[in-house]
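Please open the model in your viewer and keep the selection panel at hand. The tour below goes from one selection to the next and says what is found at each stop.

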Amino acid sequence: MRQDARRDKRVTITDVARHAGVSTAAVSKVLRNAYGVSAAMREKVQAAITELDYRPHAAARGMRGRTYTIGVLLDNIRNTFFADILDGIRDELHDSEYTVLIGAAGFGAAAQSRTTRSMVDRQMDGLILIAPGTPRTEVLTTAQSTPTVVIGHHDPSELHDSVVDADGVGAGLVVDHLVALGHRNIALVSAPGTRSSKWTRTPEIVLSNGYTEAMERHGLSEHTRVCRAAYSDDGGYKAGMSLLSGEDRPTAIMAGADVAALGVWRAAHELGLRVPEDVSLAGYNNTTLADLATVRLTSVDQAGHDMGGTAARLLIERVEGRREHAVQTTMTPRLVARRSTSAPLS
């Protein structure tokens, strides 16, 4: 009699958790195929589900449907280029029901992974990852269950959409500009990247390759010099101090981000060097800071606003099932020359 009554009663997620000896949150994660669930935990919960013949309630399944939230992962909120991308995302989604939630995870791969998993666990409808330092395998796993757009990385994938800049072309534009002014000793400040991430064509890799190829094209291979530093004011400052305090001081420096270029500028000022008289300086991204009257930084415009808008549009197409195949969209860079670059004094 008691067993029959038990059969007639709907099995709940709480019953499954009690039977498996785990929390209801753990059961929920297994049901959602979320990150952070060990194989042993998944096996234990699946066994309980099978033994109890548990079926999620239709209403509960509906509650786990679309949340109209989009997660955006970035490393550094002080990088003004990301503000341009976020503006593009916001403007594209302005007339929609979607809300954008930002995860500023810092430069560490582990912290970025935790943030991404947290977004997935909160059932966000889709993710936009801006130049993620997260291992590529994790991003591909995420994209299998959650619509994802990667901004920056050139690695092609059938699992996620990509929005990239032709970074190699952009680097060549800067080198061509500086060589035309008469520079030969031209250095590049580029982000270090993370080898363990297994991304093979990150923006910094493509940018560095474009710089190296442009230097070779102009017969300047012996002057090729890449200084690795974080794309931040502090990273640029440290790179500037290293490059400008040595004996073989470059006459021109290109930084892979405007925020790092401004850090180089700060180092030059502390060393008593003038921009552009003693050292020409070029950035990348063409952020609003580059166009300030007191700065006027030569920079490469990679259409950050358009990148963000395109990423949002591609993501919603996947979220709403209007497209299944992955695409990669490439922005065409253009050089914006300002007064931070000029002919070398000698």
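**Starting at the largest pocket**

In this predicted model, begin with the largest pocket, which holds about 820 Å³ of space. To find its middle, select A131, A191, P203, E204 and Y231, which are the closest to the centre among the 40 residues that line the pocket. Next, colour α6 (80-93), α7 (109-121) and α10, the elements that give two or more residues to this lining; of these, α10 gives the most, with six residues. If you then colour the lining by residue character, you will see 20 nonpolar, 14 polar and six charged residues.

**On to the largest nonpolar core**

Now select V189, L207, Y211, L244, I253, M254 and L281, which touch the most other members of the largest nonpolar core, a set of 40 residues. Showing the secondary structure around them is useful here, since α9 (167-181), β6 (186-190), α10 (203-217), α11 (233-244), β8 (252-255), α12 (258-270) and β9 (280-282) each supply at least two residues of this core. The largest share, five residues, comes from α12.

Stay with L207 for a closer look: which residues is L207 in contact with, leaving aside its neighbours within four places in sequence? They are D167, A171, L188, Y231, M254, G256 and Y284, and Y231 will be familiar from the group closest to the centre of the largest pocket.

**A last stop**

Finally, select F82, I89, Y98 and I130, which are among the 23 residues of another core that lies apart from the largest one.

Notes. Residues numbered from 1 in each chain as written. Predicted model: local features only at pLDDT ≥ 70, side-chain atom pairs only at ≥ 80, totals over all residues. Heavy atoms only, no water. Core = buried A, V, L, I, M, F, W, Y, C linked by side-chain atoms within 4.5 Å. Buried < 20%, exposed > 50% of the residue type's maximum accessible area, 1.4 Å probe, protein only. Helix = DSSP H or I, 4+ residues; strand = E, 2+ residues; numbered from the N terminus. Contact = heavy atoms within 4.5 Å. 1 Å grid on protein atoms, 1.4 Å probe; cavity = no way out; pocket = protein on both sides within 12 Å on 5 of 7 lines; lining within 4 Å. Points joined across faces, edges and corners; volume = space filled by probe spheres on them. Nonpolar A, V, L, I, M, F, W, Y, C, P; charged D, E, K, R; others polar.
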